[in-house]
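Visitor: I am new to this structure. Please take me through a close look at one part of it, and then show me a few other places worth a glance.

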Amino acid sequence: MRTVFWFSVIAAVYPYAIYPIVVWLIGRFRPLPIRAQAWEPTVTVLIPAYNEAECIAATVRNKLGQDYPASRRQVLVVSDGSTDGTDEIVRGFAGQGVTLLRREGREGKAAALNEAIRHATGDIVVFSDANSIFAHDAIRQMVRNFADPRVGYV
């Protein structure tokens with residue numbers, strides 16, 4: 001019984017305390033500098049939404065207002081059966097390069113993202129929640145890291 005207790009304690013503490021320390025130690029003793037540099041690959045921003053009428057307009061405006069060329073950016077909002085007007089709000093941005101993918105029968109965020117990724121055309125895919133606001137240069141700062149071919153995720 002004591003073994004089960006300590007295993008449970010370690011399992012609960014590991015992601016919050018032990019794992020960060022291990023990652024810090026690896027970085028400290030085996031640094032792997034990234035060769036980040038300015039470049040502008042095509043980027044797809046995926047935004048899954050379910051009944052996000054209160055915040056989706058601000059989120060879409062934020063992604064459209066990024067310091068990144070509109071010609072190199074695709075914004076896809078995937079609505080997972082929204083019933084609160086989210087879809088109509090997103091359709092209002094269609095003339096600005098925002099695409100709405102409507103899904104019927106709510107299946108959850110993972111299913112919505114799996115559907116949306118099939119429509120992504122960007123070299124880099126940026127995932128955003130429907131209520132997240134990025135700094136004005138967030139996409140530009142993220143893609144800088146992908147200039148290093150060893151980088152696969154930021």
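Guide: We start with one helix and the pocket beside its residues in the list, then turn to some single side chains. Keep in mind that this is a predicted model.

Find helix α5, residues 138-145. Which of its residues are buried? They are A138, I139 and V143. Look down the axis of α5: these buried residues fall within an arc of 120°, so they line one face of the helix. What covers them? The cover includes strand β1 (43-49) and strand β4 (124-127).

Stay with β4 and α5 for the largest pocket. Its volume is about 210 Å³. Its lining is made up of I124, V125, V126, F127, M142, V143, F146, G152, Y153 and V154. Two elements, β4 and α5, each give two or more residues to that lining. Strand β4 provides the largest share, four residues. Note two names that come back here. V143 is one of the buried residues of α5, and V143 also lines the pocket. Strand β4 is part of what covers the buried residues of α5, and β4 also supplies pocket lining.

Now move to strand β3, residues 98-103, and pick out R103. Is R103 buried or exposed? R103 is buried, because its relative accessible area is 11%, and the cut-off for buried is under 20%. Which residues does R103 touch, leaving aside its neighbours within four places in sequence? They are V78, S79, D80, G81, A111, A112 and E115.

Next, the aromatic rings. A pair of rings is described by the distance of the centres and the angle of the planes. There are two aromatic pairs here. One is F5 with W6, an edge-to-face pair. Their centres are 5.1 Å apart, with 75° between the planes. F5 is partly exposed, with a relative accessible area of 48%. W6 is partly exposed too, at 48%. The other pair is Y14 with Y19, and it is tilted. Here the centres are 6.0 Å apart and the planes make an angle of 55°. Y14 is partly exposed at 37% relative accessible area. Y19 is partly exposed at 44%.

One last ring. Find F134, then look for K63. K63 lies over the face of F134, at 4.0 Å from the ring centre.

Definitions and conventions. Residues numbered from 1 in each chain as written. Predicted model: local features only at pLDDT ≥ 70, side-chain atom pairs only at ≥ 80, totals over all residues. Heavy atoms only, no water. Buried < 20%, exposed > 50% of the residue type's maximum accessible area, 1.4 Å probe, protein only. Arc of directions from axis to C-beta. Contact = heavy atoms within 4.5 Å. Phe/Tyr/Trp six-rings, centres within 6.5 Å; stacked < 30°, edge-to-face > 60°. Lys NZ or Arg CZ within 6 Å of the ring centre and 35° of its normal. 1 Å grid on protein atoms, 1.4 Å probe; cavity = no way out; pocket = protein on both sides within 12 Å on 5 of 7 lines; lining within 4 Å. Points joined across faces, edges and corners; volume = space filled by probe spheres on them.
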